[in-house]
Number of protein chains: 2
Amino acid sequence: MHKRNNKIEVPRGFMFAAGAAGLRTHGEGPDVGFIRSEAPAKVAALFTSNLVKAAPVMLSQEHLRKSKYIAQAIVVNAGNANCATGEQGMQTAAECASKAAELLGIPAEQVLLASTGVIGVPMQAQSITTMLPKLMARLKPGGYAAVSKAILTTDTRPKLAAATISLSGRQVRILGMCKGAGMINPCLATMLAFIFTDAAVDGQFLREITPRIGDLSFNRISVDGDTSTNDTVFVMANGLAANKPISGKSAEAEKLVQALTEVARELAIKIVMDGEGARKLIEIRVEKAASEAEASAIARSIGSSALVKTAVAGADPNWGRILSAAGNAGVELRPELTDIYLDGVLVCRKGGAAEFNESALQRKLRGREVVIRILLRAGTAQSTFWTCDLTEEYIRINASYRT
Amino acid sequence: MHKRNNKIEVPRGFMFAAGAAGLRTHGEGPDVGFIRSEAPAKVAALFTSNLVKAAPVMLSQEHLRKSKYIAQAIVVNAGNANCATGEQGMQTAAECASKAAELLGIPAEQVLLASTGVIGVPMQAQSITTMLPKLMARLKPGGYAAVSKAILTTDTRPKLAAATISLSGRQVRILGMCKGAGMINPCLATMLAFIFTDAAVDGQFLREITPRIGDLSFNRISVDGDTSTNDTVFVMANGLAANKPISGKSAEAEKLVQALTEVARELAIKIVMDGEGARKLIEIRVEKAASEAEASAIARSIGSSALVKTAVAGADPNWGRILSAAGNAGVELRPELTDIYLDGVLVCRKGGAAEFNESALQRKLRGREVVIRILLRAGTAQSTFWTCDLTEEYIRINASYRT
């Protein structure tokens, strides 16, 4: 279903370094990342929709407004979300940005911040500001691997995706990294995603396409249905590929959007594959829907159902739960027209049981990837959603994390 | 938090019998219930909002329309939900109703149906229709206990609640029973609730008050966030208490509504206390909200959060997850004004960490009942919601049920 292995070519002008500031409650190792673009980069960002927003989210929003969506650096940390930390939390975030700006000789508002970790625990700026000069000295293109590890929390592995395309005869590189093992673990498994490209692109255009890229990737996954206070996506484009600037509808613009979307989607799928306690990736394809919005709502409802996710964990071809979750999506659905396929096997025909070899299908469902396909016969639209199975390990991780 | 033990007085004219029709895939024992009211009863009903509706739901809806909301019997079964069973499923439901009507000498549309169990498995009418004459011969007031057991699925215990009030000098009795161990297990843990009273009450009035009673009880609980295809609440009032009929706003009407609501709420709380894998009841009280709707939305968001529920399972005073879930409710929330109490201990003051004795609170949180109280300082409205903790046992039950 999803296997890509790109050779990573780091976009020109981006440099990375990571170090250990001792912020983690559990475990040790690097927990701070410093990312620099040699040239000022156009930025587009997506932030959590949670009304409880962490200090780095609020400060980054302010910086983007002030800088008119230009940035040259990101300071990111794991171990402490710097959320529900009040005025002092905002102060901490501001000090981290100021220190980075001072080191790089740029305005503070060109520094973006992201944090993930425990909520409600005061964070000392010093632990990070004292690290930054050391990281500054170690910045290099190959440092991306170290940063992709430093931002992890309950993740079991780093998540990277890359693409290289040609625009107006110039090679353009895209590199993405992210962390997250629940889309929605507000204490810990915040989703952070950074996508870097050396493409030359109009800032306004970049901001226009980013929500759509998010809709087709990070907004199409779920591990447990919560939304973190710290969720952040940054897309940075520094123009060093020297392609003819992309600014609106054109074949080249489409090519760039496509490549950014593929990188974002690969990162998103890597998040659910590494979902807390997950053993399986579940791809939900809703087809022949009346509209894409309806297809998405049904795919999301199936992908968010604890009962569907536990059935997949148990390799149980329990299509009744899938049909029921589809019926709960809040959109029109005619069960008598609906077919469901599990890993290519028709299990539900027109809303009722189909004949299938149950033990053979169970064996298939024991694999690492399960595809649920549901045909609505209501139109021609479709949508895909990704989630993971729900296992006892998810409970173990979350019943004991903080304390 | 919630301990009532009512002596049960069966409302006059209601009789019950249960028997084993062999419908259960797992286990044995009674799985069919037959309930009769000697006098025609006014009925109000609530049904699942799922667009995939089981045959007994669709047939009961049709019968209520035809009978103008009068019924004299309920035929209920566990083991097979008779859902996603197409035309044959409707035929089965109709045959069961016809047989019961024939035995009782009443019109078929005065028989209501409810089923719970596996979805998508054809159900033979015969298994039930052959049972009905035997059950008919055994109908008696004291049979309610047997029926309350026959309707169970993953439930670990029967759920009953009762009240006796006085209206216009007459003793009026209310008896409720329900099943459900997930509000939302579409294959199995359908919620069914039947409330019987011998009160004389205007049918129109009964139908007006029932949605509100449901809102304050069954709609205030969640085990896992799904909604079954078979969820059904029937409220039957046969008038045999011979009180002055209740028909509109009055102190007596208020008294009846209050008693019905308390019975419904007690049943609802018993459902979450017996939630699949649950070890704890969680009561979520949202106070000082701008409106009841906003308070309810926030209470529901907290009560539906897998992360809050796993934290309670682990006795972890993880208020950050509670604040984050509140921020996700889709309604206005000002974290800087928000306080959170866990079992009476202030853990979050104005959106930030409060000082508290963590190990002492952890000991408290190991109890069977946990109260989460959240003060918004946005107004004077409030709402309460009940849920259970989310444990590894929930996964074990649901990853292996059907096969």
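Two residues are in contact here when they have heavy atoms within 4.5 Å of each other. Keep that cut-off in mind for the first stop, and remember throughout that this is a predicted model.

**Stop 1: a phenylalanine in chain B**

Select Phe356(B). You will find this residue in the loop of chain B between β13 (352-353) and α11 (358-365). Which residues does Phe356(B) touch, leaving aside its neighbours within four places in sequence? Show Pro317(B), Trp319(B), Val345(B), Leu346(B), Val347(B) and Leu361(B), and you have the list. Now draw a C-alpha to C-alpha distance from Phe356(B) to Leu346(B): the two are 7.2 Å apart in space and 10 residues apart in sequence.

**Stop 2: where the two chains meet**

Next, colour chain A and chain B separately and select the residues in contact across the boundary. Chain A contributes 51 residues to this contact, and chain B contributes 51 residues. Every one of the interface residues of chain A, 100%, is also an interface residue in chain B, so the copies meet through the same surface.

If you like to put a number on an interface, its size is often given as the accessible area lost when the parts come together. For chain A and chain B, the buried area is about 4,100 Å², with 56% of it on carbon and sulfur atoms.

Stay at this boundary and look for charged pairs. The rule finds 2 salt bridges across the interface of chain A and chain B. To see a salt bridge in the viewer, select Glu392(A) and Arg396(B), whose side chains meet at 2.6 Å, N to O. Polar contacts across the interface of chain A and chain B come to 2 residue pairs, both at pLDDT 80 or more.

Which elements of chain A build its side of the boundary? Select α9 (306-313), α10 (319-327), β13 (352-353), α11 (358-365) and α12 (392-399), each of which supplies at least two residues to the side of chain A that touches chain B. The largest share of that side comes from α10(A), with 7 residues. Colour the side of chain A that touches chain B by class and you should see 23 nonpolar, 19 polar and 9 charged residues.

**Stop 3: the axis**

Zoom out until both chains fill the window. Rotating by 180 degrees, with 0.0 Å of shift along the axis, superposes chain A on chain B at an RMSD of 0.0 Å. The two copies are thus related as by a two-fold rotation axis. Which residue of chain A comes closest to the rotation axis? Go back to Glu392(A): its C-alpha lies 2.4 Å from the axis, the closest approach among the residues of chain A. Glu392(A) is also the partner of Arg396(B) in the salt bridge you have just visited.

**Stop 4: two domains in chain A**

Hide chain B for now. Chain A is divided into domain 1 (14-273) and domain 2 (281-399), and the C-alpha centres of these two domains of chain A lie 32 Å apart. Their contact takes 14 residues from domain 1 of chain A and 16 residues from domain 2 of chain A.

Together, domain 1 and domain 2 of chain A bury about 1,300 Å², 52% of it on carbon and sulfur atoms. In domain 1 of chain A, select Arg220(A), Ser222(A) and Met273(A): these lose the most area to domain 2 of chain A, together 40% of what that side buries.

What joins the domains through charge? Across the interface of domain 1 and domain 2 of chain A the rule finds 1 salt bridge. Select Arg212(A) and Glu292(A), whose side chains meet in a salt bridge at 3.7 Å, N to O. Glu292(A) sits in helix α8 (residues 292-303) of chain A and Arg212(A) in helix α6 (residues 203-215) of chain A, so the pair ties together parts that are 80 residues apart in sequence. Polar contacts across the interface of domain 1 and domain 2 of chain A number 0 residue pairs, counting those with both residues at pLDDT 80 or more.

Finish by selecting β8 (221-222) and α7 (251-273) of chain A, which each supply at least two residues to the side of domain 1 of chain A that touches domain 2 of chain A. The largest share of that side, 4 residues, comes from α7(A).

Technical notes: Residues are numbered from 1 along each chain as its sequence is written. Chains are lettered from A and ligands numbered from 1 in the order in which they are written. This is a predicted model: local features need pLDDT of at least 70, side-chain atom pairs count only at pLDDT 80 or more; totals for chains, interfaces and linings use all residues. Side-chain values use heavy atoms; hydrogens and water are left out. Buried area is the accessible area (1.4 Å probe) that two parts lose on being put together, summed over both. A salt bridge is a side-chain nitrogen of Lys or Arg within 4 Å of a carboxyl oxygen of Asp or Glu. A polar contact is a pair of N or O atoms within 3.5 Å; within protein, one must be able to donate a hydrogen and the other to accept it, and residues adjacent in sequence count only if both atoms are side-chain atoms. Ala, Val, Leu, Ile, Met, Phe, Trp, Tyr, Cys and Pro count as nonpolar, Asp, Glu, Lys and Arg as charged, and the others, Gly among them, as polar. Copies are superposed by least squares on the C-alpha atoms of residues with pLDDT of at least 70 in both. Domain bounds come from an automatic or database domain assignment.
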